[in-house]
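Got your viewer open and a selection box ready? Let's walk through this one stop at a time.

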There are 4 protein chains.
Amino acid sequence: MATFERTQIPIKDLTNGDKLNLTLFRLTGDRPGPHIHIQSSVHGAELQGNAVIYELLKYFKENSFAGTVTMIPLANPQASINKIGTATLGRFNSITGHNFNRNYVDIIDEMNFDLDAFIEENKDQGWDDLKKTYKKTIFTLLKEYQDKISPRGLSENVKLNLVLQKLAASADIVLDLHTGPIATRYLYSAEYQKQSAKYFLFPHTLLIPNEFAGAMDEACFSPWIYLHEALEEKGIRHPRDVEAYTVELGSEEKISSVEAREDARRILHYLCSKKVIEERPDIIHGDQYHCPLDQYKTYYLPQGGLVEYLKHPGERFRAGEALYRILNLSKLESLENLEDCTLEVEALSEGIVINHSPACSLGEGAEVMQVMENPTKWV
Amino acid sequence: MATFERTQIPIKDLTNGDKLNLTLFRLTGDRPGPHIHIQSSVHGAELQGNAVIYELLKYFKENSFAGTVTMIPLANPQASINKIGTATLGRFNSITGHNFNRNYVDIIDEMNFDLDAFIEENKDQGWDDLKKTYKKTIFTLLKEYQDKISPRGLSENVKLNLVLQKLAASADIVLDLHTGPIATRYLYSAEYQKQSAKYFLFPHTLLIPNEFAGAMDEACFSPWIYLHEALEEKGIRHPRDVEAYTVELGSEEKISSVEAREDARRILHYLCSKKVIEERPDIIHGDQYHCPLDQYKTYYLPQGGLVEYLKHPGERFRAGEALYRILNLSKLESLENLEDCTLEVEALSEGIVINHSPACSLGEGAEVMQVMENPTKWV
Amino acid sequence: MATFERTQIPIKDLTNGDKLNLTLFRLTGDRPGPHIHIQSSVHGAELQGNAVIYELLKYFKENSFAGTVTMIPLANPQASINKIGTATLGRFNSITGHNFNRNYVDIIDEMNFDLDAFIEENKDQGWDDLKKTYKKTIFTLLKEYQDKISPRGLSENVKLNLVLQKLAASADIVLDLHTGPIATRYLYSAEYQKQSAKYFLFPHTLLIPNEFAGAMDEACFSPWIYLHEALEEKGIRHPRDVEAYTVELGSEEKISSVEAREDARRILHYLCSKKVIEERPDIIHGDQYHCPLDQYKTYYLPQGGLVEYLKHPGERFRAGEALYRILNLSKLESLENLEDCTLEVEALSEGIVINHSPACSLGEGAEVMQVMENPTKWV
Amino acid sequence: MATFERTQIPIKDLTNGDKLNLTLFRLTGDRPGPHIHIQSSVHGAELQGNAVIYELLKYFKENSFAGTVTMIPLANPQASINKIGTATLGRFNSITGHNFNRNYVDIIDEMNFDLDAFIEENKDQGWDDLKKTYKKTIFTLLKEYQDKISPRGLSENVKLNLVLQKLAASADIVLDLHTGPIATRYLYSAEYQKQSAKYFLFPHTLLIPNEFAGAMDEACFSPWIYLHEALEEKGIRHPRDVEAYTVELGSEEKISSVEAREDARRILHYLCSKKVIEERPDIIHGDQYHCPLDQYKTYYLPQGGLVEYLKHPGERFRAGEALYRILNLSKLESLENLEDCTLEVEALSEGIVINHSPACSLGEGAEVMQVMENPTKWV
C-alpha cells in the first residue's frame, strides 16, 4: 500500500494577513521507481486537472505502483481565486500581464553553470547516480538563483514558479496539467520525447522544439537537454529518460468526473510505459495526430460581432470550409441584403480545431480559434 | 411587403470622442396592427436575442404582418464591449454596480401624474384613441422626467434606460430579450398577462407581481396597470392588452442559429395569438410549467471549491437529489477518507433547474444554481 | 490598563480551501461604560480607517477609558484582496453588483417583531436594563433571521453583513469607517443624532433621514428608532443614546499616518462627549457645514474625454464657477478653434466639493463629482 | 503659418459595429525640416501626453517651425476605454496579457532585409536622399510583413503597433508619450542618442541598450542602428540623427494643464536643439541624473498589507533609509507589541525614487516601487 503525506506550503501572504497555501500530496509506492511530479491549474481557470488528480488518488490508493508521485492541485491559488464576476482571471498577473506559465527559469543557462566541469567530476558515476547528483545540483542552483534575485523582494509570479520548479527538481517525469479555453484534449511534447508522448493516446500532440521559452515543461527538460548535449560532445550516451509535458485536458472553468476517469486512464497508460504501474489500462481510442508548433495557427477576428462556431474542438476541416460565422446586425441597410450582416470565415488549409474562444461577443483582432494545420497521423 | 427603416441613435460618447450607437430597425406591415418593440442584450453578455432578431427579420421580409415591429439588437453596446479577457462584464455599471435592467422609471408614480384628471378629460374616447393619448402622455412624462433630473448630467445607466423606455412608450407589446448564465428557456410574465404568456410555449414561466421593481417589462406595463385600476375605480373596463415580457433565451455568451429559429417560431406563435401574423407556426413542444417569483430560489455555495453540476437547466429533480458536487482536495487528510474532499448538495424541495453559474471555481457564498420549486404544470 | 483580546472569525472559504478571517480586537476599559463598535473597509479600497484603528490602539494602550471598544480592521477581506491590476474592486460583489454596504437587514421590520408586546413585558425596567434586554433581543432576531434565510446557503454579502451586524448588536456606538474616492472628510449622520455628530468636528456632515436604506449605520440605529417611537406612543421617554455613523476618512486606496493621528483625535473628541475618555483632545478645526442628503448632488460627464478637476475636495465654489474641464482632442477640426476641444462644466448652485472620481479617462454619463449644495454652517 | 490636417484612421471594429478611430494631426511648418512623430497613451491610463499635445498645438499655431509634426493623441483608444470601475486597464491586452508597447516589430531583422545589397545600391546618395530611400524601404517592409502575417487575421495588438509603426516610418524624431503609475518625469533613451537626450532637461534618464525589445522607440531606432553599423563596416559614416524616445510624463490617470505647459516647454527645448524651432524656451531646471537600465530596480512587497509610501517620486534616498511602511493589523497579538503590525522596508543602495504603485492594498510579491540606484549626475 502507498504511503501518503500531505504538506501545506504557504505561497502568498494576502493584504489582510491571511495566507494562500499549496497542498502537496506525496504518495510513495511499494517499490523503487521514478519520481513523478504532477501539478494542475497554474492557470487559474484550468481546472479539470484537479478532478484528474482526484481519480489518480483513487487509483494509487487501490493499486500497487513503483516510485513516488507528488501531486499539487490548484497550484496557483491566487490565480484561481482572482475573479471578476463569474470569470476567473487566472492566465497572467493582472498588474504586470506576465503569464503564470512563462516565468520559470532556464537555470543552467541563467547561472552559467559549468556543465563540462560537472561532467568531468561525475562522469564515472552510473546514469542513476549521475541523475541523482544532477537533480541535487539543479535544486541548489535554483536556491542560489532565488537568493541572487530576491534582495529587493520577489515578484509573485517568480516566487510561484520557483517554488514549483524546486519541487519538480527531483522529478523524472513532470506533468503540468492545463486546459484550453473551449478545447479538445492535446499534449505539448518536446521533440526528443515524441515516442513516449504517443503513450498518452491523446488525439492531438503539438511538438515543441527542444528549447526554453519560459514554460514549466521546458524549464524541467532544458537542464537535461543541455546535459545530454554536453555528454554527447564527450561521446557519452545515456537514455533521455527525464520527461516533461504540458497536458491539456479540455475546456477551462469546468470539471467533469466522467472525463476525469478517462483522462486518468490515459495518464496511467503512459505511466505503464514507464513501468510505474504494471497493468496497462484498457483504452478505446481513435486516431492520433501531431504537428510541429509552427503549424499550430491562430485565427483572429477580421471585424467585430457575435461569433457562432461552426467547427468544434477535435473536428477536422478542409481548406475552404467555414470555421465560424460573425453576426453583425448593424451592417444591415435593407431587407434585400439580409446576408450583409453575416460573414463566414473559411479555413486557409485543412486541419483540426484545437480550441476556440469561450466568448461570443468579440471585437476585431480577438483570438477566435486555434487549429493544427496539415497534421500528421501517428502510425 | 414590409417597409424597412434603419436608424442609428448615438447612445454614448467615449473617452476618445468616438460614439457608441443603437441601431433601430422599424418594419411596417401591410395593414394596421399593434406596435411591437423588441430589444436584446441590455445585459451585455446575453446575446441569443440578436440571432433571434435576425430570424425575425428573415420572417418579416417574406411574410405579411399587421402593425409595426421595432427591433434594437445589442441595445446596450457599452455593456457588450466591456470585456476583461474573454468575459463580458455586462450585467451592471462597473463603477456603480447598478444593474442595467433596474434603472427604468415608474413614470406615472415618479411624476405624480394625475390619472383621475386624465381619465376625466379622455374618458369619452374609445379604447384605441385613449391608448394613443395615454402613450403620448407617457412619452411626454418621460421627456419631462429626463429634463428634471439632468441639469447636472445624466448617469450612463439612466440615459440608456430612458432612451429605451421612450422608444417603447408607443408599444403595445414589449419583448426584452435576455438570457440566463447557463440556462434553459424561460419567461418572466406579470400575473395579469398570464393567459397570453402561455402562447410563447416556453417550458418555464416565472409569474411576477403586477408591480414595479425597476425592470423594462415592469416599466412598460406599470403605467397601464395604474390606468386600468383608475378606470375600474370609475367602473370603466377596457381590455388589458398592453403587454411586456422579459424573455430568457438560454445561456449567455453564445449564439445558436438553430436555436434562434426555434426561439423565433415561439415568439411568432405568441404574435399570432395577437393577430400580428395569420398563420400559426407549427411547434412541437413539451410540458409548460410556471411558478410565482417567490418559488424561484437560489442556492449559494456552502464552502469554496470546484463545482460539478449534476442537474442541468430544464432538468426536474426530487427533494433530496444531489444538485451539484463540490471538489476541494485541500480537505484530504488521508487516503482512507478520499470522500472527505467532495460534498454533494441536495435539493431542499422538488423542482426544475432554471440556470446555474457559468463558473466552476467559486468561493463560499457564490450563487450556484437557481430553481423553480414546486412548479405548476400549465393545462 | 485596558484588557486586550484578539479573535479571528472565519468569514469566507476560498476555492482552494484557504480561509479569509476577520480579526477582532476587544479592549475593555478600567470602568463601566458604553460598548463602541468600530469597523473599517467594508468597501475594500477604503483603507484609511485601518490606520486610524492603529492610532486608537496606541491611544487606548496608554490612556484610561470607560466601557468596551471592539475594532475590526479590514472588515471585508474578500473586497480588499479582489484586485484587477492595481485597482481594488471592493465596492460591490462582482457577480451580483450588490453593494457591500447595502445588505444589512432592518431586523425589527423584517421579523415583524412585536414591539408593543416587548414594551409591555419590559417597560418597568430602567433604561440601562431595557437597553440590555433589547440588545439581546436584536441579537436573537438576527440569528433567527439567518436561520430562516439560509437553508439553501447564504450569499457572501448577506453573510458578511449579518456577521458584522451581530457583532454590533450589543453596541451603543457604531462607527463604520469608510472613505470616498478622492474625497474630503465627511460624516453621514441620522437627523436624530445631529447634535452629537457635531462633536466629531468634521468639516462636512450629510444628514440622512431616520430611515433604513440597507447601510450599517442605518441597520444599527433603526431598531432604536422603532423602539423610541413605540415607547413615545405610550408616553415613555428615554434618551436616544444609541448612535451609529458612517465616517468618511478622505480618499480611497491610501493610508496616511499623519492624517490618521488627526482622524483619531476627532473620534476621541466625540468619545469624550460620550464620557468614554476624560481629557478632551485639543483640536484646531475650521468651520463645520451640513446639509440634508437630498442636497448632496452628483455631476455626470456630459461627453467623453479626459477630466481635469478644477475644484478640489473640501473647496467651496459659487454658482457658475467651473468645476472641471474635459479635454477631447478628437473634436479639433482646425487650429483656429483650438478651444473646441475643451469644455468647462460649471456649478449649478454654490456649494462644497465632497469628492470626485479617481479617474481621468471617462466616458459620457460617468459620475464625476459629488457636492454639497447650499450647505449650512454649523453654529 | 502652419498647415493643419486632421485624419481619422479606423483602428478597431467593435462587437456592435461601431468603430474606434485614431485622430492624426499633421502640421507642416513654413520651411523644410525633420518629420517629428508624437503619439500618446499607447498605454490607456497614461494620459498626460494628450494635455502636452494640446499645448504643442497651441505653440505651433502661434510660432514658426521647420518640418512636419504629426501628433496622435489617445493612440490606443481600446486601451483608454477599457475600464473596470474607475480603473483603466490599459497596459496590456486583457485576453492575452500582451503589453501594448511590446508588439512592435524589428522589421529589418524580421524580414531578413539585405542591408549590404541596399547599401551597395544606394551608397552614392547623399545622407538626406539615403535617409529618404531607407524610410520608404522601412515602410514597404512593414507592409510586406503585415501581408505575410495576416492571412488568418491580425491580432488587435499587432495591428495597432503596425499602424503606428508605419505612420512613424518616415519620422526623424519619434516621441512616444507615456507616464508611470505614480511617477516623476523621466526619459528612456538609447545609449547612442544620450547627448541629445540631455536637451529634454528631464531630471531622470534611463539609458537603454541600442537593442530591440519590442517597444516603439526601439522599433523606430533599430533599423537605423543596423544601417549605421552596416555602413560603418564599409567605412561610411553618416550622422546618427534619427532618434526615438519614450517620454514618461508623471503619473497615470491624470492630466494637469499647468504641468503640460512645462512638459511642452521641455520638448520644445529639445526640438530647438534639432533646429525645428529657433527660440530656445527658457526653463528653470534642477540637476539631471541618468543610469543604465540595469540600475533601474524594482522593490516587491515581502508580505501583504497596506502600504504607506515614505519616499516619493523624484526623491533621493540613502542606503538604509525606509522607503515604505506596511501596516498589517492582523499580526497584532498584544498591546505590548503594537509595532509588530508595521514593517518598514529599507533601501538597499542609495538612489532616486522613479515611481511607486498607485495602490495601497497589496499582496505579497506585488511591485511596490521602482528606483534608479546609484544614478550619475549629468554634467
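The tour starts with pairs of chains, then moves to a helix and a few single residues.

**Before you click.** This is a predicted model, in which local features need pLDDT of at least 70 and side-chain atom pairs count only at pLDDT 80 or more, while totals for chains, interfaces and linings use all residues. Residues are numbered from 1 along each chain as its sequence is written, chains are lettered from A and ligands numbered from 1 in the order in which they are written, and side-chain values use heavy atoms, with hydrogens and water left out.

**Stop 1: chains C and A.** Show just these two. A turn of 180° with a shift of 0.0 Å along the axis lays chain C on chain A, with an RMSD of 0.0 Å (superposed by least squares on the C-alpha atoms of residues with pLDDT of at least 70 in both). The two copies are thus related as by a two-fold rotation axis. To find that axis, pick Asn82(C): of the residues of chain C, its C-alpha comes closest, at 3.4 Å.

Now select what touches, with contact meaning heavy atoms within 4.5 Å. You should get 20 residues from chain C and 20 residues from chain A. The copies meet through the same surface, because 100% of the interface residues of chain C are also interface residues in chain A.

How much area do chain C and chain A bury between them? About 1,600 Å², with 60% of it on carbon and sulfur atoms. Buried area here is the accessible area (1.4 Å probe) that two parts lose on being put together, summed over both. Colour Asn16(C), Asp18(C) and Ile81(C): they supply 28% of the area that chain C buries against chain A, more than any other three residues. The elements of chain C that give two or more residues to this side are strand S2 (19–28), helix H2 (77–81) and strand S5 (83–84). Helices (H or I, at least four residues) and strands (E, at least two) are DSSP runs, numbered from the N terminus.

Looking for salt bridges (a side-chain nitrogen of Lys or Arg within 4 Å of a carboxyl oxygen of Asp or Glu)? The rule finds 0 across the interface of chain C and chain A. It does find 6 residue pairs in polar contact there, both at pLDDT 80 or more. A polar contact is a pair of N or O atoms within 3.5 Å; within protein, one must be able to donate a hydrogen and the other to accept it, and residues adjacent in sequence count only if both atoms are side-chain atoms.

**Stop 2: chains C and D.** Hide chain A and bring up chain D. Chain C goes onto chain D by a turn of 180° and a shift of 0.0 Å along the axis, with an RMSD of 0.0 Å. Click Ala87(C) this time: in chain C, its C-alpha is nearest the axis, 3.1 Å from it. The same surface serves both copies, as 100% of the contact residues of chain C recur in chain D.

Here 50 residues of chain C are in contact with 51 residues of chain D. The buried area is about 4,100 Å², and carbon and sulfur atoms give 70% of it. Highlight Tyr54(C), Ile255(C) and Leu335(C), which supply 17% of the area that chain C buries against chain D, more than any other three residues.

The count of salt bridges between chain C and chain D is 2. One to zoom in on joins Arg6(C) and Glu333(D), with the closest N and O atoms 3.9 Å apart. There are also 20 residue pairs in polar contact across the interface of chain C and chain D, both at pLDDT 80 or more. Elements of chain C that give two or more residues to this side include strand S1 (3–13) and helix H1 (48–62). The largest share, 7 residues, comes from H1(C).

**Stop 3: helix H6(C).** Select residues 156–167 of chain C. Its 12 residues should span 16 Å at 1.5 Å a residue, and the end C-alpha atoms are 17 Å apart, which agrees (the expected span is 1.5 Å times one less than the number of residues). Is H6(C) mostly covered or mostly open? Mostly covered: 11 of its 12 residues are buried, including Val158(C), Leu160(C) and Leu162(C). Buried means under 20% relative accessible area, exposed over 50%, partly exposed in between (1.4 Å probe, protein chains only).

**Stop 4: Thr137(D).** Jump to helix H5 (residues 127–149) of chain D, where Thr137(D) is found. Thr137(D) counts as buried, at 17% relative accessibility. Show Phe113(D) and Phe118(D) as sticks, since Thr137(D) touches both, not counting residues up to four places away in sequence.

**Stop 5: two positive phi angles.** Most residues other than glycine have a negative phi. Asn374(B), not a glycine, has a positive phi of about 45°. Look for Asn374(B) in the loop between strand S20 (367–373) and strand S21 (376–377) of chain B; at 38% relative accessibility, Asn374(B) counts as partly exposed.

Last pick: Lys275(D), in the loop between helix H9 (257–273) and strand S12 (289–292) of chain D. Lys275(D) has a positive phi of about 65° although it is not a glycine, and with a relative accessible area of 66% Lys275(D) is exposed.
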